[in-house]
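Here is an informal walk through one protein model. Have a look at the fold first, and then we can go through the sheet, the helices that pack on it and the core.

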Amino acid sequence: MLVLLLLLAFTVFVLNPVIMKAFLCMLRSIISIFSPPISSQDELEKLLKSERVKLGLLDKKIKALLVAPRSLFEADVEKINADFYLIRCARGSTRTSVSHELYHIYDAAAEEYWATRRFIWEIKYLYWWEPRAIFYEFRRLRACNLVLKQAS
Ligand SMILES: [Zn+2]
């Protein structure tokens with residue numbers, strides 16, 4: 001009985017972040033089926049230009065760079081200084097990943113996004129910031145595909 005209880009506790013408190021990570025990864029995989037890959041720096045900049053307006057991020061300096069692919073959904077955002085953010089998208093990452101990373105910047109308006117201690121950050125990232133960014137990414141799916149249809 002005790003072993004079962006310990007096993008249950010282990011599953012609930014230790015395995016859940018793993019399950020959550022896998023679940024979030026699966027959601028992004030589903031989105032990626034409907035969102036074509038970014039193929040050029042030019043395309044990335046067009047997406048950035050239209051997507052940042054949606055989130056009202058016009059007062060921030062944001063640069064997006066297309067980099068060599070490292071893994072499947074590789075895209076990240078880094079705060080370089082007070083008002084300058086760098087989004088890196090691996091060649092082949094989805095168009096919606098731009099909206100996704102911009103949403104992290106939008107969330108980061110609450111400065112704790114960057115300032116929080118590592119452990120708390122991981123938990124908040126996994127259970128709050130990342131699901132929100134994925135949900136937003138999902139909502140922008142159609143618009144992201146349309147932007148480039150109009151542009152090309
Ligand atoms: Zn994210």
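## Around the sheet

S2 and S3 are antiparallel partners, joined by six bridges. This is a predicted model, so everything below is read from predicted coordinates. A hairpin takes the chain from S2 into S3 through two residues. One of the contacts across this pair is the bridge between Ala75 and Cys89, the latter sitting in S3.

The other pairing is parallel: S1 and S3 share seven bridges. Here Ile62 has Tyr85 in S3 as its bridge partner, and Lys63 stands opposite Leu86, also in S3.

Put the two pairings together and you get an open sheet of three strands in the order S1-S3-S2, with mixed pairing. S1 and S2 are at the edges with a single partner strand each, so each has one side left without a neighbour in the sheet. From one strand to the next, the twist averages 20 degrees. As background, strands of a sheet pair through backbone hydrogen bonds, in either a parallel or an antiparallel way.

Here are the two pairings side by side.

| Strand pair | Direction | Bridges |
|---|---|---|
| S1 and S3 | parallel | seven bridges |
| S2 and S3 | antiparallel | six bridges |

Which residues of S3 point to the buried face? Tyr85, Ile87 and Cys89 do, and they are buried, while Phe84, Leu86, Arg88 and Ala90 point to the other face and are not buried. That fits the general rule that side chains in a regular strand alternate between the two faces of the sheet.

## The wider fold

Stepping back, the protein has six helices and three strands. Reading from the N terminus, the elements go α-α-β-β-β-α-α-α-α. Of its 152 residues, 24% count as buried. Among contacts with a separation of 6 or more, 65% are between residues 24 or more positions apart.

## Helices on the sheet

Two of the helices to look at here are H2 and H3. H2 lies across S1 and S3 and runs at about 150 degrees to S1. H3 lies across S1, S2 and S3, at about 35 degrees to S2.

H3 covers residues 96-107, and its twelve residues reach 17 Å from the first C-alpha to the last, close to the expected 16 Å. Why is H3 described as largely enclosed by the rest of the structure? Because ten of its twelve residues are buried. Those buried residues are Thr96, Ser97, Val98, Ser99, His100, Glu101, Leu102, Tyr103, His104 and Tyr106.

## The core

The largest nonpolar core has 18 residues, and the ones that touch the most other members are Leu44, Leu47, Leu48, Ala64, Ile87, Cys89 and Val98. At least two residues of this core come from each of H2 (41-54), S1 (61-67), S2 (75-81), S3 (84-90), H3 and H5 (118-139). H3 gives the largest share, four residues.

Val98 is a handy place to start exploring. Setting aside neighbours within four places in sequence, Val98 is in contact with Leu44, Leu47, Leu48, Glu51, Ala64, Ile87 and Cys89. Recall that Ile87 and Cys89 are on the buried face of S3.

## Two exposed spots

What about residues outside the core? Asp42 lies in H2. Is Asp42 buried or exposed? Asp42 has 11 other C-beta atoms within 10 Å, so Asp42 is exposed. Asp42 and Leu65 are 23 residues apart along the chain, with 9.8 Å between their C-alpha atoms.

Ile33 belongs to H1, which covers residues 2-34. Ile33 counts as exposed because it has 8 C-beta neighbours inside 10 Å. The C-alpha atoms of Ile33 and Thr94 are 8.9 Å apart, while the two residues are 61 apart in sequence.

## Confidence

The mean pLDDT of the protein is 86, and 89% of its residues reach 70 or more. Which element has the lowest mean pLDDT, and which has the highest? H6 (residues 141-151) has the lowest at 72, and S1 the highest at 94. In general, predicted coordinates should not be read in detail where pLDDT is low.

Note on methods:
Residues numbered from 1 in each chain as written. Predicted model: local features only at pLDDT ≥ 70, side-chain atom pairs only at ≥ 80, totals over all residues. Buried ≥ 20, exposed ≤ 12 C-beta atoms within 10 Å, placed from the backbone. Expected span 1.5 Å × (residues − 1). Contact = placed C-beta atoms within 7 Å. Core = buried A, V, L, I, M, F, W, Y, C linked by C-beta atoms within 7 Å. Pairing = 2+ DSSP bridges. Axes fitted to C-alpha atoms, helices over the stretch in contact; angles between N-to-C directions. pLDDT = per-residue confidence, 0-100.
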